[in-house]
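Reader: I work at the bench and want a close look at one part of this model. Start with a single side chain and its surroundings, then work outward to the rest. Keep it brisk, please.

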Amino acid sequence: MRIPFVAGNWKMNTSRAEAEQLVKALIPLVAGVRDVHIAVCPPFPYLSHVVETVRGSVIKVGAQNMHFEKKGAFTGEVSGEMLKDIGCMYVILGHSERRHIFGEKDTTINKKVHQALEVGLKPILCVGELLEEREAGKTEEVVENQIRESLANISPDQMVQITIAYEPVWAIGTGKTATPEQAQEVHRLIRDWLQVHYDDGLAQQICIQYGGSVKPENAKTLMDQPDIDGALVGGASLKADSFASIVKAAI
Ligand code: PGA
């Protein structure tokens, strides 16, 4: 049995006070939730403070990115070890905004996945096609290439630490959600790929989140699909009540 996992990607939003208010409002709303893994991913400057604020609750903390090297002369970058050191459990890697605004390639993302695992962080690896790729019938090819390259040389023991988030780029922040059937089709494809490249037992263990305009109104029908095991939530994670509703829809 896979435990559903709902994570909130705050992106470049909130002030310190807003970050604190958001998690303080969220803690009681999800306090009774069992059997769903819950994480929030605030911007770097507030990570430590959010880690302290959620301590003792069911909420874990993740970062939105990290560098692939251990340390050194990489001005402006943050290492996985630093994130682990301040109490992060997760790190989002290969988010479509990193890929398309900052030009991150799968080879770089693969190095980040390896580095994250090396320091004991659990990667949330994002994949997903652009609208023109979907319209050209290339969704399958694009997503398969992304998972193959970004998971290069990942052992089965490492793979079980990873969550995959399928986020069709055309659905992110647009209010357009993939239909449950469209999402399920790609989730199935990802699980089949895991089965072929690892084995069925492992494929059945991996949590595959859907992301892209997930809201309280559509969360349940998406997560009711057999291969959709949770959600990576952007906009709707910035309000405690809507994020909590999505968490509850995962139960
Ligand atoms: P959204 O973002 O929920 O605002 O569409 C999802 C994401 O980018 O992870």
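## Thr 53 and beyond

Author: Begin with the partners of Thr 53. Setting aside residues up to four places away in sequence, Thr 53 touches Glu 20, Val 23, Lys 24 and Ile 27. Keep in mind that this is a predicted model. Thr 53 itself sits in helix α2, which covers residues 47–54. Helix α1 spans 16–30. The four partners carry the numbers 20, 23, 24 and 27.

Is Thr 53 buried or exposed? Its relative accessibility is 16%. The cut-off for buried is under 20%. Thr 53 therefore counts as buried. Its side chain also has a polar partner. A polar atom of that side chain lies 2.6 Å from the backbone oxygen of His 49.

Now step past the helix. Ser 57 is in the loop between α2 and β3, and β3 runs over 59–63. Ser 57 has a relative accessible area of 18%, so it is buried as well. What does the side chain of Ser 57 reach? It reaches the backbone oxygen of Val 54, at 2.7 Å. Ser 57 can also be placed against Leu 26. Along the chain, 31 residues separate the two. In space, their C-alpha atoms are 9.9 Å apart.

Go back along the chain to Cys 41. This residue belongs to strand β2, residues 37–41. Its relative accessible area is 0%, so Cys 41 is buried. Its contacts, leaving aside neighbours within four places in sequence, come from several stretches of numbering. Gly 8, Asn 9, Trp 10 and Lys 11 are among them. So are Gly 62, Ala 63 and Gln 64, and also Ile 92. Take the pair with Ile 92. Cys 41 and Ile 92 are 51 residues apart in sequence. C-alpha to C-alpha, the distance is 8.1 Å.

One contact of Cys 41 leads to the ligand: Lys 11. Lys 11 lies in the loop between β1 (5–9) and α1. Its phi is positive, about 55°, although Lys 11 is not a glycine. Most residues other than glycine have a negative phi. Lys 11 is also one of the residues closest to the ligand.

How many residues surround the ligand? There are 13. The closest are Lys 11, His 95, Glu 167, Gly 173 and Ser 213. By class, the shell holds four nonpolar, seven polar and two charged residues. Backbone atoms supply polar partners here. A ligand oxygen is 2.6 Å from a polar backbone atom of Gly 173. For Ser 213, the distance from a ligand oxygen to a polar backbone atom is 2.7 Å. For Gly 235, the corresponding distance is 2.8 Å. Taken alone, the ligand exposes 280 Å², and the protein buries 95% of that.

Ser 213 deserves a second look. It lies in the loop between β7 (208–211) and α11 (216–223). Its phi is near 55°, a positive value in a residue other than glycine. Ser 213 has 15% relative accessibility, so it counts as buried.

Helix α11 leads on to Asp 229. This residue is in the loop between α11 and β8, with β8 at 230–233. At 8% relative accessibility, Asp 229 counts as buried. Its side chain reaches the backbone nitrogen of Ile 208 at 2.9 Å. Leaving out neighbours within four places in sequence, the contacts of Asp 229 include Arg 2, Ile 3, Pro 4 and Phe 5. Arg 191, Ile 206, Cys 207 and Ile 208 complete the list.

Ile 208 is also a contact of Ile 190. Others of Ile 190, again beyond four places in sequence, are Val 127, Val 143, Ile 147, Ile 164 and Tyr 166. Where does Ile 190 belong? It is in the largest nonpolar core, which has 71 residues. Met 159 and Ile 190 have the most contacts inside that core. Apart from it lies another core, of eleven residues, including Ala 39, Tyr 90, Ala 165 and Leu 232. In soluble globular proteins, nonpolar side chains tend to be buried together.

End with a contrast. Gly 120 is in the loop between α5 (106–118) and β5 (122–127). Its relative accessible area is 37%, so Gly 120 is partly exposed. Gly 120 and Glu 81 are 39 residues apart along the chain, with 8.4 Å between their C-alpha atoms.

Technical notes. Residues numbered from 1 in each chain as written. Predicted model: local features only at pLDDT ≥ 70, side-chain atom pairs only at ≥ 80, totals over all residues. Heavy atoms only, no water. Near = heavy atom within 4 Å. Polar contact = N/O pair within 3.5 Å; in protein donor to acceptor, adjacent residues only side chain to side chain. Areas by Shrake-Rupley, 256 points an atom, 1.4 Å probe, with all protein chains shown as cover. Nonpolar A, V, L, I, M, F, W, Y, C, P; charged D, E, K, R; others polar. Core = buried A, V, L, I, M, F, W, Y, C linked by side-chain atoms within 4.5 Å. Buried < 20%, exposed > 50% of the residue type's maximum accessible area, 1.4 Å probe, protein only. Contact = heavy atoms within 4.5 Å. Helix = DSSP H or I, 4+ residues; strand = E, 2+ residues; numbered from the N terminus.
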